[in-house]
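Please open the structure in a viewer and keep the selection tool at hand. The tour below proceeds by selections, each followed by an account of what is found there.

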Amino acid sequence: VQLQASGGGLVQTGGSLRLSCTASGSIFRINGMGWYRQAPGKQRELVAEIVSPGATTYADSVKGRFTISLDNAENKMYLQMNSLLPDDTAVYYCKASIVAYIIGTDDYWGHGTLVTVSS
């Protein structure tokens, strides 16, 4: 099982970006997915997570600005980020709890994608 994140880039304050994360491999079921971020000199923190379309969690700092969504058919997760702030600058990582054939349930991380918000 692999996770591939994409969509990062450089944007001005107030701008928008859409991150994508695609899970591939011998996937039986995805239990949940989430986005984390790590800014320079800081610990990795949860940004948002989703178990199903109606079961989402957001960090207080991104509520009302970011929207997480899940496409179960395509094994893809998205993070729509609006009204971006310089404090949103970080490497964003996707994480998934996946039930894989033979292996069973485990957590997987994708390589990060850099988001830079200029002031």
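**First stop: Asp88 and its partner**

Select Asp88 and Arg37: their side chains make a polar contact with each other at 2.9 Å. The model is a predicted one. Asp88 is placed in the loop that runs between strand 8 (76–81) and strand 9 (90–100). Is Asp88 buried or exposed? Its relative accessible area is 1%, so Asp88 is buried. Now display the surroundings of Asp88. Setting aside residues up to four places away in sequence, Asp88 touches Arg37, Arg65, Phe66, Ser83, Val115 and Val117.

**Second stop: Thr89**

Move to Thr89, which also belongs to the loop between strand 8 and strand 9. Thr89 is partly exposed because its relative accessible area, 22%, falls between the limits of 20% for buried and 50% for exposed. Two polar neighbours of its side chain deserve display. A polar atom of the Thr89 side chain lies 2.9 Å from the backbone oxygen of Pro86. The backbone nitrogen of Val117 likewise lies 2.9 Å from a polar atom of that side chain.

Which residues does Thr89 touch, not counting those up to four places away in sequence? They are Ala39, Val115, Thr116 and Val117. For a sense of distance, select Asp71 together with Thr89. These residues are 18 apart along the chain, and their C-alpha atoms are separated by 26 Å.

**Third stop: two residues with positive phi**

Select Ser83, already met as a residue touched by Asp88. Ser83 is found in the loop between strand 8 and strand 9. Although not a glycine, Ser83 has a positive phi of about 50°. Its relative accessibility is 39%, and Ser83 therefore counts as partly exposed.

Next select Ile102, in the loop between strand 9 and strand 10 (104–109). Ile102 is not a glycine either, yet has a positive phi of about 75°. Is Ile102 buried or exposed? With a relative accessible area of 89%, Ile102 is exposed.

**Fourth stop: the disulfide**

Select Cys21 and Cys94, and show their side chains. The two residues form a disulfide, with sulfur atoms 2.2 Å apart. A disulfide is a covalent bond between the sulfur atoms of two cysteines. How many disulfides does the protein have? The count is 1. Rotate the view to look along the link of Cys21 and Cys94: the angle about the S-S bond is 65°, and the link is right-handed. The pair joins distant parts of the chain, 73 residues apart, with Cys21 in strand 3 (residues 17–24) and Cys94 in strand 9. Both Cys21 and Cys94 are buried.

**Fifth stop: Met77 and the nonpolar core**

From the disulfide, proceed to Met77, whose contacts include both Cys21 and Cys94. Apart from neighbours within four places in sequence, Met77 is also in contact with Leu19, Ser20, Met33, Gly34, Trp35, Ile50, Ile68, Ser69 and Leu70.

Met77 leads to a wider selection. The largest nonpolar core has 34 residues, and those touching the most other members are Leu3, Trp35, Met77, Leu79, Met81 and Tyr92. Several strands each supply at least two residues of this core, among them strand 1 (2–6), strand 4 (27–38), strand 5 (45–52), strand 7 (66–71) and strand 11 (113–118). Which strand provides the largest share of this core? Strand 9 does, with 6 residues. In soluble globular proteins, nonpolar side chains tend to be buried together.

**Last stop: the whole chain**

Clear the selections and show the protein as a cartoon. There are 11 strands and 0 helices. Following the chain from the N terminus, one therefore meets only β elements, in the order β-β-β-β-β-β-β-β-β-β-β.

Along its principal axes, the C-alpha trace spans about 50 × 30 × 20 Å. The radius of gyration is 14 Å, which agrees with the value near 14 Å for a compact globule of 119 residues. Among contacts with a separation of 6 or more, 55% are between residues 24 or more positions apart.

Finally, turn on the surface. The accessible surface amounts to about 6,400 Å², and 48% of that area belongs to carbon and sulfur atoms. Buried residues make up 39% of the 119 residues.

Note on methods. Residues numbered from 1 in each chain as written. Predicted model: local features only at pLDDT ≥ 70, side-chain atom pairs only at ≥ 80, totals over all residues. Heavy atoms only, no water. Helix = DSSP H or I, 4+ residues; strand = E, 2+ residues; numbered from the N terminus. Buried < 20%, exposed > 50% of the residue type's maximum accessible area, 1.4 Å probe, protein only. Polar contact = N/O pair within 3.5 Å; in protein donor to acceptor, adjacent residues only side chain to side chain. Contact = heavy atoms within 4.5 Å. Disulfide = S-S within 2.5 Å. Rg over C-alpha atoms; globule rule 2.2 N^0.38 Å. Areas by Shrake-Rupley, 256 points an atom, 1.4 Å probe, with all protein chains shown as cover. Core = buried A, V, L, I, M, F, W, Y, C linked by side-chain atoms within 4.5 Å.
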